[in-house]
Amino acid sequence: QSIGCDDYLGSDKVIDKCGICGGDNTACKVVSGVFKHTLTNLGYHKIVEIPEGATKINITEMSKSNNYLALRSRSGRSIINGNWAIDRPGRYEGGGTMFTYKRPNEISSTAGESFLADGPTNEVLDVYMIHQQPNPGIHYEYIIPGDNVISPQLLAHRRPGEPLNGQLGMPESSNQEDEDLHRETDTLTGQSAGTFPVIQPGRFSSHQPENQVPAVQPPRQNREHNWKQTGKTECTTTCGKGSQYPVFHCVNRITHEEVSESYCDSSTKPIPEEEACNLFPCPAFWDIGEWSECSKTCGLGMQHRQILCRQMYANRTLTVQQYRCHHLEKPETTSTCQLKICSEWQIRTEWTSCSVPCGVGQRTRDVKCVSNLGDIVDDEECNMKLRPNDIENCDMGPCAKSWFLTEWSDRCSAECGDGVRTRSVVCMTNHVSSLPLEGCGNNRPSETTPCNNGPCAGKVEWFAGAWTQCSTECGSGTQQREVICIRKTEGNFDVLNPYECSYLEKPPSQQSCYLKPCGSKWFHTEWSTCSKSCEGGFRVREVRCLSDDMIASTQCDPQLKPEEKEPCNTQDCIPEIDENCKDKYYNCNVVVQARLCVYTYYKTACCASCTRVANRQSGFLGRR
């Protein structure tokens, strides 16, 4: 037969939800409700207060959200999710009881967070919500004791088999030893006055009330069997301070052989007391928080999460210095994310025809920003750095041809006497402007020009001077040197006629040279005709950067680029004076006032006056 909670064989009494053996659930009160307030400010908001002595605590979010539940004691100590740090789901001690914090898998479940605890609590606790999005509703429920609650102290001193709820008289007082024992039991279990410990058979004090006659026990030395500690239970944890209890068995007093417990007096069996074990702390570990929202609503963004070094001790998870986790690889705190595909650029039309019939012009096309639904949206919704060009240059072929020239070399081919300076000349297509430029034709510009660095100064022999510098700074060129026939004299040389040395082999006076590849150089055409003969016009030329093989290049120094346009004929316009144009009459001013200059006779008779007026009128109209 089974034993009821009152320790009677065959009893069917059980402990009700109020913790009362054989109770009818009327000795306590169920408090429940739903927190549905609309919140506007982000952060911590108080939901409900859990009083001291509460049991069967259940705080549950009614559906999944980005909000978090938090728990704090009235003294201000954070228990779960305090100080803006989100804890991992698990078990956390607080208020004299153990809370189970659950956070369902956010992909496979739609259930919200929850706090569960059996209780009872030994202090007032406050439940908060960390508000980040609309509140889905928080359901709370707990049980508090009623007026007819049995004192835990009476339960602690009740013998096995004694009825509850006043069925038998309870002791009115106890000796000092029992009070000390009860105080120690409260310390170990974390319970205080007003709590409801679950009644467990065989776990009560052996104290007897004064009005009960104890059973006559044989003297200890005459007993054949007694209780002996044979070991301890397994520690509840492998590290971080767990608990274990001594194990007592009934043994033969002489042989110490274990026998059935029926040979020993059950009333003398020691009560196992909790002992601490495995006090060394558990290894530290990385506590990984949840990912934040993606930094971008579309396309590639970033998300972050909190990584804390934590350590378990005494059923509590504590945040410790990060060096304690250096034996572990630290998880990433940032990651890329993409919620959806961003809008993209689409080319809606082909290129238009070039804006010019020849030379270099421009062409255009239609480029739009289109959402992933196919709608045309503002350009700002697409990545401006990836926008295709909607305008570009186009080359419609040559409009004319011109000679392109480099600047004259800086060095003369001879260090003294006559030499030459060189330049490069090439005929190429000209794309500059509509100003008329002549074609290349047969009038090729000269590639050399004479130069002279001053007069030179030479036994009968050929005397060869030093080679001049190469005629070009780069590419193929020539070097010159002076070769003269001389006769050495004391302290001097006499220059002789070359035939005096004709029997000797004459050294060469010229050789080819190559310093380095030219690379790219600026070439330009001749200047065009000035656009105006006076009062400031302009003339143009085309400038191109060409490589050694005369192919267009971009390697020229932009700071050395020759000018492509310059002003010209900036002098004032002076009318030509015709010495035969004179006034034949003194009163030609009257002819002008009467506007008779339109007639040939008066225009000739008063030529100077009429011409002067005509020039003033043409200048006035030009300014307009």
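Okay, so the disulfide between Cys412 and Cys451 is right-handed, with 85° about the S-S bond. Bear in mind that this is a predicted model, and the S to S distance for that pair comes out at 1.8 Å. What does the link hold together? Cys412 lies in the loop between β25 (400-405) and β26 (418-422), while Cys451 is in strand β28 (residues 448-452), so the bond ties together parts that are 39 residues apart in sequence. And both Cys412 and Cys451 are buried.

That's one link out of a set, by the way: the structure holds 16 disulfides. I'll go through two others with you.

Next up is Cys581 with Cys607, again a disulfide, with S to S at 1.8 Å. Here the torsion about the S-S bond is about -105°, so this disulfide is left-handed. Where do the two ends sit? Cys581 is in the loop between β37 (565-568) and α3 (588-593), and Cys607 is in helix α5 (residues 607-623); the pair links distant parts of the chain, 26 residues apart. On burial, Cys581 has 17% relative accessibility, and since the cut-off for buried is under 20%, it counts as buried. Cys607 is buried too, with a relative accessible area of 17%.

Helix α5 comes up again in the next pair, through Cys610. Cys597 and Cys610 form a disulfide with an S to S distance of 2.0 Å. The torsion about that S-S bond is about -75°, so the link is left-handed. Cys597 lies in the loop between α3 and α4 (600-605) and Cys610 in helix α5, so this disulfide ties together parts that are 13 residues apart in sequence. Cys597 counts as buried at 17% relative accessibility, and Cys610 counts as buried at 7%.

Right, on to the sheets. There's an open sheet of 6 strands, in the order β1-β10-β3-β8-β7-β6, and the pairing is antiparallel. Which strands are at the edges? Those are β1 (28-35) and β6 (90-94), each pairing on one side only. From one strand to the next, the twist averages 20°.

If you zoom in on that sheet, look at strand β7 (residues 97-102) and strand β8 (residues 114-117), which pair in the antiparallel sense over 3 bridges. Tyr101 stands opposite Phe115 in β8.

Phe115 takes us to the packing. The largest nonpolar core has 29 residues, and Phe115 is among those with the most contacts inside it, along with Ile47, Ile57, Ile59, Leu71, Ile80 and Phe99. Which strand supplies the largest share of this core? That's β9 (residues 125-131), with 5 residues. As a general point, nonpolar side chains in soluble globular proteins tend to be buried together.

Let's take Ile80 as an example. Leaving out residues up to four places away in sequence, Ile80 touches Ala70, Leu71, Asp87, Tyr92, Phe99, Tyr101 and Phe115. So you meet both Tyr101 and Phe115 again in that list, the two residues that stand opposite each other across β7 and β8.

There's another open sheet to show you, with 3 strands in the order β15-β17-β18, and antiparallel pairing. At its edges are β15 (285-288) and β18 (316-319), each with a single partner strand, so one side of each is left without a neighbour in the sheet. The twist here averages 50° from one strand to the next. Between β15 and strand β17 (residues 307-313) there are 4 bridges, and the two run antiparallel. One residue pair to find on screen: the bridge partner of Trp286 is Cys309, in β17.

Last thing, how far to trust all this. The protein chain averages a pLDDT of 78, and 81% of the residues score at least 70. Where is confidence highest, and where is it lowest? The highest is β8, at 94, and the lowest is helix α2 (residues 176-189), at a mean of 36. Over residues 149-222 the pLDDT is below 50, though this stretch has 98 contacts in the model beyond near neighbours in sequence. Residues 432-437 also stay under 50, with 11 contacts beyond four places in sequence. Where pLDDT is low, the predicted coordinates should not be read in detail.

Note on methods: Residues numbered from 1 in each chain as written. Predicted model: local features only at pLDDT ≥ 70, side-chain atom pairs only at ≥ 80, totals over all residues. Heavy atoms only, no water. Disulfide = S-S within 2.5 Å. Buried < 20%, exposed > 50% of the residue type's maximum accessible area, 1.4 Å probe, protein only. Pairing = 2+ DSSP bridges. Axes fitted to C-alpha atoms, helices over the stretch in contact; angles between N-to-C directions. Core = buried A, V, L, I, M, F, W, Y, C linked by side-chain atoms within 4.5 Å. Contact = heavy atoms within 4.5 Å. pLDDT = per-residue confidence, 0-100.
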